[in-house]
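Please open the structure in a viewer with the sequence alongside. The tour below proceeds by selection, stating at each stop what is found there.

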Amino acid sequence: MSTALESLLDLLDLEQIERDIFRGTSRSAIVPRVFGGQVAAQALVAAGRTVPGDLPQALGSARAGETPLPHSLHSYFLRMGDPGAPIVYSVDRIRDGRSFTTRRVVAVQHGQPIFHLSASFQTYEEGLEHQADMPPAPDPETLPTAAQLLPQYAGLFTDPGVMDRLLEARDAVDLRYVGAPPFASVGTPQEPRSQVWFRTNGKLADDPLLHVCMATYVSDMTLLDSVLLAHGRGGWMVGDVVGASLDHAMWFHRPFRADEWLLYDQTSPSASGGRGLGQARIYTQDGRLAITVIQEGVVRVPRD
């Protein structure tokens, strides 16, 4: 396991300060604010720790255990997070049902809410099955790592320190672009679709909630890039767009491991009103649809 992954796991291991109140810290991000995927993942950790149940069985089995696991989350980013201050997560136990359990989490900094999450958990049950087919994608092992690919685009960034921060943010997760990264298309509008493969840089414990939280963390890294492709914009790192996540929703369909390759297939159906919408599907390497993700963000062209 890489040192960066150990650090990320420590970040997700929240301190419990009251029955339903938890405290977390932050790690450095590419931009001077708390990374949205971190807040979402920590909030889901807080919610999950208040959900009762038996210990889960082996991850990825047909029956994941009697502990309810997240099947969906819906969240809003309310204020920019301060990476230098702790974040307090307060959990409301909205409902404990026989099949479904609902939690609401508010993340607070400096006395103000910065993030709101509602998550629904479900005890395993069998049912009808169908899924959208996995799109074609190259073998992830044939693609360059971020450390091999990204430095060749360092000249696009107005801030010379961005590349170091970008690579540091990728240390815990092996994220490989299918083709050039979206910010490399600056000046050339393209189809608003991008793909990345990802997995953690090391083995994770057999805790299904941990794998769900890790996928939640990664899901905020690249999704809005598909919006930029349609307009030939390089993005916030290049400086031709100002952006931030507004909301984030995920549906967890089937068991998966975040330490095994997952294909993140991302598209943008619309941009308007200073906002862009990204939607995506995450597949296991053997073609099972594991997660659906939808996110809207602020996407503004800077004014002179």
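Helices (H or I, at least four residues) and strands (E, at least two) are DSSP runs, numbered from the N terminus. The coordinates to be inspected are those of a predicted model.

**First stop: a loop between two strands**

Select histidine 110, located in the loop that links strand S5 (100-109) and strand S6 (112-122). Although histidine 110 is not a glycine, its phi is positive, at about 50°. Is this residue, histidine 110, buried or exposed? Exposed means over 50% relative accessible area; histidine 110 has 62% and is therefore exposed.

**Second stop: helix H1**

Next, select residues 3-12, which form helix H1. Within H1, the buried residues are Ala4, Leu5, Leu8, Leu11 and Leu12. These residues span an arc of only 110° around the axis, so they lie on the same side of H1. Thr3 and Asp10, on the other side of H1, are exposed. To see what covers the buried residues of H1, display further elements, including H2, strand S8 (193-200) and H5.

**Third stop: helices H2 and H5**

Keep two of these covering elements on display: helix H2 (residues 36-48) and helix H5 (residues 208-219). Their axes come within 7 Å and cross at roughly 160°. Angles over 145 degrees count as roughly antiparallel, and H2 and H5 are therefore roughly antiparallel to each other. The crossing in which H2 passes H5 is right-handed. Which residues make the contact? From H2, select Gly37, Gln38, Ala40, Ala41, Leu44, Val45 and Gly48; from H5, select Leu209, Val212, Cys213, Thr216 and Tyr217. Coloured by class, this contact of H2 with H5 shows 8 nonpolar and 4 polar residues, with no charged residues.

**Fourth stop: the loops on either side of strand S7**

Proceed to arginine 170, in the loop between helix H4 (162-169) and S7. Its relative accessible area is 7%, and arginine 170 is therefore buried, the cut-off for buried being under 20%. Now add alanine 146: arginine 170 and alanine 146 are 24 residues apart along the chain, and their C-alpha atoms are separated by 7.2 Å.

Finally, select glycine 187, in the loop between strand S7 (173-177) and S8. With 61% relative accessibility, glycine 187 counts as exposed. For a last distance, add threonine 267: glycine 187 and threonine 267 are 80 residues apart in sequence, and 19 Å apart in space from C-alpha to C-alpha.

Definitions and conventions: Residues numbered from 1 in each chain as written. Predicted model: local features only at pLDDT ≥ 70, side-chain atom pairs only at ≥ 80, totals over all residues. Heavy atoms only, no water. Axes fitted to C-alpha atoms, helices over the stretch in contact; angles between N-to-C directions. Parallel < 35°, antiparallel > 145°, perpendicular 65-115°, else oblique. Left-handed = near helix turned anticlockwise from the far one by under 90°. Contact = heavy atoms within 4.5 Å. Nonpolar A, V, L, I, M, F, W, Y, C, P; charged D, E, K, R; others polar. Buried < 20%, exposed > 50% of the residue type's maximum accessible area, 1.4 Å probe, protein only. Arc of directions from axis to C-beta.
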